[in-house]
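Please open the model in your viewer and keep the selection tool at hand. The stops below each begin with something to select and then say what is to be found there.

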Amino acid sequence: MGFMATSIIFFAAGLIASLLVRLCFNRGASTNLFHLTLIITATVCCWMMWAIVYLAQLKPLIVPILSEAE
Amino acid sequence: MKFFNDLPPMDHFRSENMSLVQLIMPVESAQHAVSYLGELGLLQFKDLNGDKSPFQRTFVNQVKRCSEMSRKLRFFADQISKAGVTTYPNPDSEEVIDLEQLEAGRFLGSAQNHLVMAETELVENTYSIKNEDRLSLLEQPEPSKKAGLRFISGIICKSKELIFERMLFRATRGNMFFNQAPAGEQVMDPVSGEMVHKTVFVVFFSGDQARSKILKICQAFGANCYPVPEENNKQKQLTHEVSLRLSELEATLDAGTCHRNKALASIGSQLWNWTIMVKKEKSVYDTLNMLNFDVTKKCLVGEGWCPTFAKPQIKEALHQATIHSNSQVGIIFHDMDSSESPPTYFRTNRFTNAFQEIVDAYGVARFQEANPAVYSVITFPFLFAVMFGDWGHGLCLLFGSLVLILREKKLGSQKLGSFMEIAFGGRYVLLLMAFFSIYCGLIYNEFFSIPFYIFGESAYKCRSTDCSDAQTAGLIKFRDPYPFGVDPKWRGSRSELPFLNSLKMKMSILLGVCQMNLGIILSYFDAKFHGNPLDIQYQFIPQIIFLNSLFGYLALLIVIKWCTGSQADLYHVMIYMFLDPFGNLGENQLFWGQKELQMLLLILAVVAVPWMLFPKPFILKKQHTERFQGRTYGFLGTSEMDLDHEPDSARHQHQEDFNFSEVFVHQMIHSIEFVLGAVSNTASYLRLWALSLAHSELSTVFYEKLLLLAWGYDSIIIRIAGLAVFAFATAFILLMMETLSAFLHALRLHWVEFMNKFYHGDGYKFKPFSFKALADEED
């Protein structure tokens, strides 16, 4: 799957998580904003981690050289 | 920007609004009011009598009485534990403290002691006579009597016996004969209440002086002397008498012990309640001592901080106090203005409490400053996981944290050891750390350092069908990259470390630049909230420009290099951006227009430094002279001044002198800290790479050198031994030590690199007068 496709999946997952949290833990406007901040932060962190590792392997400059005992 | 203005205020982002309130209470309802406020726990009283010593305060007698009563209660608790009576605290009944019952119990306790002492003496006496009889210590032929030889017999602690003998020898210059025998059973020493071994002794001597010396030495050593007659039948008679008295006394003692235990048991069930009540009373009087009497001496005046949302609850509590104390006059409760900074109060629940405490450990937030805990809830476990990434270890952490969370109620009510208490307090932090560790472990593709092919096939294959050059030239990439995480073919290859090191270092820089930018952006929101345009224009903007034109640009180069697969050397690019900005880039060119862009960014960075250093102090000086124009004369000390000064502490207005050099130096320090910090903080994020490498290497070593090695043998014993050693090494070194280590480094990254961009942390915590807090403090 490509980079864009998976990024859209991350975005959608964040959206669904925030909707779920709003449905299940609805406790007033300021607390909802707090929950939303947490979800957004988590989604951004997870996406960045994945994107960094994916991009690093896109056009690698070195390849695996197997060691002796395989 | 208008979007941000329209949002509701976020929970936990800024501390609660506080108001300084003044309470005027009539004396009869004061005690009720303060104890109801203690139950509520939402008002922090200010100490208006701070300059008085504890003995000059109004309610000092009541405080003394409470201390006295708590001392008596402690004495009872001691007695109960010594007597070994088990009591079951009965929290339902609320009896009033009955002083007579307390006194009766105390008397029983002391009577008990006397009886025990008397019993001990008699027992010792018995032993001494019995032993001497048995061992024929008094075997003397008739001539000795004629020689005027006399003896003293007694009983002494076994531990002191040797010194005692030596002392006697020295005192009588060797003219004595000492004989001893062990007393048999252990005897209860009435002084210490323990069972000690005792020795029966007899000393033969001659002369009166020797006798007095020996008696004095016996007294000094705490040896009890008992007379033993010489004739046999007299001895028997004495033994009989002593045994009779002993049995009587034992009966009395038994009855006494029974009675005492009953009394203690009945008190014991109430003891805990009473202790709490006395503590509450004492704290109420301590609080009352903080209040002032007003001029009429009929009312107490107090000041305190309370959260604005709590004012209706406090009013209700005061109303209840007025009703219950049958007072005619209500309690007056109103707001006051203040110029000093209020305390910081965050309403945390059990989830956010641990994260808030982590932030508070560095410094309590200034009043209504941006709270980093909001972002730390996610970024702290995330950075931990970047350093800990292994989903096998993550599963172990998850298991541990779930155990703590599911047994929350039970563990919360017990008293835990100090290590368990820390672990229990941080159970939600551990839970989040576990979730993120599992995620990062899946990304790094490490399960106790074993890679898996969960997300599909590897992107690498051999160049030729027989894989002849796999060990020399390596595999080639023939498909799209592995969809999620690090390709499993890298594990165990010879070029694994160069690849992973490059990946993790660049990842650390990217994550670091993002977190630092977040910190600077939070400083923008702070400046906007406090209405401080100076900070925005002359601090936020140059800081963003400086950081991003250097390290934001580096992050951009990293991403471009990855996307284009260029072979450019980024170190070279960054260094020659400064050393030779006009030079030709050659093969280090990553995109068109790079040289021009680099020159522009360099100029922006160089301009940003004086921008954040110079304008602000001058503008502050100009503002100050405008505001305080005409007030450059100092205050004259006339009597009219005193009318302005009220006895309330919070209303002092200060005439601040504007010390330009101080402000300028402060700004210079701030700018230098930022500029140099930009480089050092970015490099500091490389610890994410270092710890993740260490964890992965340790994991590999334990797996390959312990488990695989042991599994290679055929013997089942060696296999099980290997498994056991692997489990221990994983549990103690990887799970405990590495967890603590990664926790510490993630903490440092937050406290220093993230928080020094926007956080002041020089506030003070809201500590309300609360009975619940008192109970927690005691434990």
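Select B:Arg150 and B:Asp208 in this predicted model, and you will find their side chains meeting in a salt bridge, with 3.0 Å from N to O. The pair links distant parts of the chain, since B:Arg150 belongs to strand β3 (residues 150-157) of chain B and B:Asp208 to helix α7 (residues 208-221) of chain B, 58 residues apart. With the surface displayed, B:Arg150 counts as partly exposed at 32% relative accessibility, whereas B:Asp208 counts as exposed at 56%.

Next, select B:Glu68 and B:Arg71, which form a salt bridge whose closest N and O atoms are 2.8 Å apart. These two residues are separated by about one helical turn, because they stand 3 residues apart in helix α3 (residues 60-83) of chain B. B:Glu68 is partly exposed, at 37% relative accessibility, and B:Arg71 is likewise partly exposed, at 46%.

For another setting, move to B:Glu408 and B:Arg427, whose side chains meet in a salt bridge of 2.8 Å, N to O. This pair also links distant parts of the chain, with B:Glu408 in helix α13 (residues 408-413) of chain B and B:Arg427 in helix α15 (residues 427-444) of chain B, 19 residues apart. Are B:Glu408 and B:Arg427 buried or exposed? Both of them are buried. Add B:Arg350 to the selection, and you have a network of salt bridges that links B:Arg350, B:Glu408 and B:Arg427. Over all chains, a search of the whole structure finds 16 salt bridges.

Keep B:Arg427 selected and add B:Phe424, for B:Arg427 also lies over the face of B:Phe424, at 4.2 Å from the ring centre. A further arrangement of this kind can be seen at B:Arg347, whose charged end sits over the ring of B:Phe309, 3.7 Å from its centre.

Now turn to rings that pair with other rings, of which the structure holds 40 pairs over all chains. Select B:Phe728 and B:Phe732, which form a stacked aromatic pair with 5.9 Å centre to centre and 5 degrees between the planes. The two are separated by about one helical turn, because they lie 4 residues apart in helix α24 (residues 716-754) of chain B. B:Phe728 counts as exposed at 56% relative accessibility, while B:Phe732 counts as partly exposed at 48%. In chain A, select A:Phe3, A:Phe10, A:Trp47, A:Trp50 and A:Tyr54, which ring pairs link into a cluster.

From the rings, go on to the nonpolar interior. In soluble globular proteins, nonpolar side chains tend to be buried together. Which residues touch the most other members of the largest nonpolar core? They are A:Met49, B:Val386 and B:Phe546, in a core of 122 residues. Helix α2 (residues 29-56) of chain A gives the most to this core, namely 15 residues. To see the surroundings of one of these residues, centre the view on B:Phe546, which, not counting residues up to four places away in sequence, touches B:Ala605, B:Ala608, B:Val609, B:Met612, B:Phe674, B:Val675 and B:Ala678. Another core, of 35 residues, lies apart from it and has among its members B:Phe45, B:Cys66, B:Leu300 and B:Ile331.

Colour the two chains separately to look at where they meet. The contact takes 33 residues from chain A and 56 residues from chain B, and the area buried between the chains is about 4,200 Å², of which carbon and sulfur atoms give 75%. On the chain A side, A:Met49, A:Gln57 and A:Pro64 lose the most area to chain B, together 17% of what that side buries. The count of salt bridges between chain A and chain B is 0.

Finish at B:Pro617, which lies in helix α20 (residues 615-627) of chain B and is buried, with a relative accessible area of 1%. Leaving aside neighbours within four places in sequence, B:Pro617 is in contact with B:Phe658, B:Phe660, B:Val663, B:Phe664 and B:Gln667. Add B:Gln180 and zoom out, for B:Pro617 and B:Gln180 are 437 residues apart in sequence and 91 Å apart in space, C-alpha to C-alpha. With chain B in full view, 25 helices and 13 strands can be traced, and buried residues make up 45% of the 779 residues in this chain.

Note on methods. Residues are numbered from 1 along each chain as its sequence is written. Chains are lettered from A and ligands numbered from 1 in the order in which they are written. This is a predicted model: local features need pLDDT of at least 70, side-chain atom pairs count only at pLDDT 80 or more; totals for chains, interfaces and linings use all residues. Side-chain values use heavy atoms; hydrogens and water are left out. Rings of Phe, Tyr and Trp (its six-membered ring) pair if their centres lie within 6.5 Å; planes under 30 degrees apart count as stacked, over 60 as edge-to-face and the rest as tilted. Buried means under 20% relative accessible area, exposed over 50%, partly exposed in between (1.4 Å probe, protein chains only). A charge sits over a ring if NZ of Lys or CZ of Arg is within 6 Å of the ring centre and within 35 degrees of the ring normal. A nonpolar core is a set of buried Ala, Val, Leu, Ile, Met, Phe, Trp, Tyr and Cys residues joined through side-chain atoms within 4.5 Å. Contact means heavy atoms within 4.5 Å. Buried area is the accessible area (1.4 Å probe) that two parts lose on being put together, summed over both. A salt bridge is a side-chain nitrogen of Lys or Arg within 4 Å of a carboxyl oxygen of Asp or Glu.
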